[in-house]
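Let's take a walk through this protein together, starting where its parts meet and then looking at how each part is built. Have the model open beside you as you read.

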Amino acid sequence: MAEYLFHSNWLERINQQDIFIFFDFDGTLVPIMKNPDDCYLSEHTKEILSKLKEKTKICIISGRDIKDLKKRASIEGICYCGSHGLQIEGYDINYFNPETKRLKPIIDEAYILIKEMVKGFEGAIVEKKSFSFTLHFRQVNPAIRKKLKKYFFEIINTFKEKEIKIQNGKMVFEILPAIDWNKGKSISFILKKFDKKVLPIFVGDDLTDETAFCELKDYGLTIKVGNSKKTVAKYFLKNQAEVYKFIKIMNEVLNV
Ligand SMILES: [Mg+2]
């Protein structure tokens, strides 16, 4: 089980090291909203991250499209990873996973079918992204969620496993091209471009972040936001609000 970050000796670990901090976005840097469209980085978080970026490398990594992510975070001079790392931009990296393009028409086909299917379910939101889409069912009446999931998998199962993959998140299904790539792999990809002595820190709240916790478990500092029971992260923060406190401390202890 993860250890509460603020009761641990984490500050000793970051002492005298070059740091690279990776943040998930929704549920980590911003609170989860009923409507994913309402999530923007708050002014005070933006301000503190803008100070921190002068002292350490920062990357925001999300399931959102890179363009959308950049718009919502709107901090210049840091790294962004969109679509769970299929696209990476920043610190002289400009990466786009080549398999993505090939599978895009299949994802689009699934999107049309799912979009049509959810019409019968009030509160279901299908969010289209460039290379993937997300079904949000947080606002669907719990009594009919099971039925929605059944219909969802009936459609998804008509596609080949090597074409489409499903990722579970908090009250969402993410429908992605079946590429062997995830947040963890994209973080390793980025780190390889830098000095190996850097200490990577990853902060995330959701199931998709576990790939990053796994990837960094031997040499990074991994922080889960919220429920600490089912995670491979070493540390946890009690809630999203504590992420701000974490950033503030980092900003105070790191010297340029
Ligand atoms: Mg998240």
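In this predicted model, the contact between the two domains involves 15 residues of domain 1 and 17 residues of domain 2. On the domain 1 side, the touching residues divide into 5 nonpolar, 6 polar and 4 charged. If you would like to find the domains in the chain, the domain assignment gives 3–97 + 181–253 for domain 1 and 99–177 for domain 2. Their centres, taken over C-alpha atoms, are separated by 26 Å.

Now to the sheets, beginning with the one that has 4 strands. This open sheet runs in the order β7-β8-β10-β9, and its pairing is antiparallel. β7 (125–128) and β9 (164–169) are at the edges with a single partner strand each, so one side of each has no neighbour in the sheet. On average, neighbouring strands here are turned by 20 degrees against each other, direction ignored. Within the sheet, Phe 133 has Ile 175 of β10 as its bridge partner. Helix α4 packs on this sheet and touches β7, β8, β9 and β10, with its direction at about 140 degrees to that of β10.

The other sheet to look for is an open one of 9 strands, ordered β1-β13-β12-β11-β2-β3-β4-β5-β6, with mixed pairing. Its edge strands, β1 (3–4) and β6 (93–96), each pair on one side only. Inside this sheet, Phe 20 stands opposite Lys 57 in β3. Helix α3 (residues 66–73) packs on the sheet, where α3 touches β3, β4 (79–82) and β5 (87–90); the direction of α3 makes about 135 degrees with that of β4.

Here is one strand pair from each sheet:

| Strand pair | Sense | Bridges |
|---|---|---|
| β8 (residues 133–136) and β10 (residues 172–177) | antiparallel | 4 bridges |
| β2 (residues 19–24) and β3 (residues 57–61) | parallel | 5 bridges |

Finally, how do α4 and α5 pack? Helix α4 (residues 99–117) meets helix α5 (residues 142–156) at an angle of about 155 degrees, and their axes are 10 Å apart. The two helices are therefore roughly antiparallel to each other, and α4 passes α5 in a right-handed crossing. From α4, the contact is made by Ala 110, Leu 113, Ile 114 and Met 117, while α5 brings Tyr 151, Phe 152, Ile 155 and Ile 156. Which kinds of residue make up the contact of α4 with α5: nonpolar, polar or charged? They divide into 8 nonpolar, with no polar and no charged residues.

How values were computed:
Residues numbered from 1 in each chain as written. Predicted model: local features only at pLDDT ≥ 70, side-chain atom pairs only at ≥ 80, totals over all residues. Axes fitted to C-alpha atoms, helices over the stretch in contact; angles between N-to-C directions. Parallel < 35°, antiparallel > 145°, perpendicular 65-115°, else oblique. Left-handed = near helix turned anticlockwise from the far one by under 90°. Contact = placed C-beta atoms within 7 Å. Nonpolar A, V, L, I, M, F, W, Y, C, P; charged D, E, K, R; others polar. Domains from an automatic or database assignment. Pairing = 2+ DSSP bridges.
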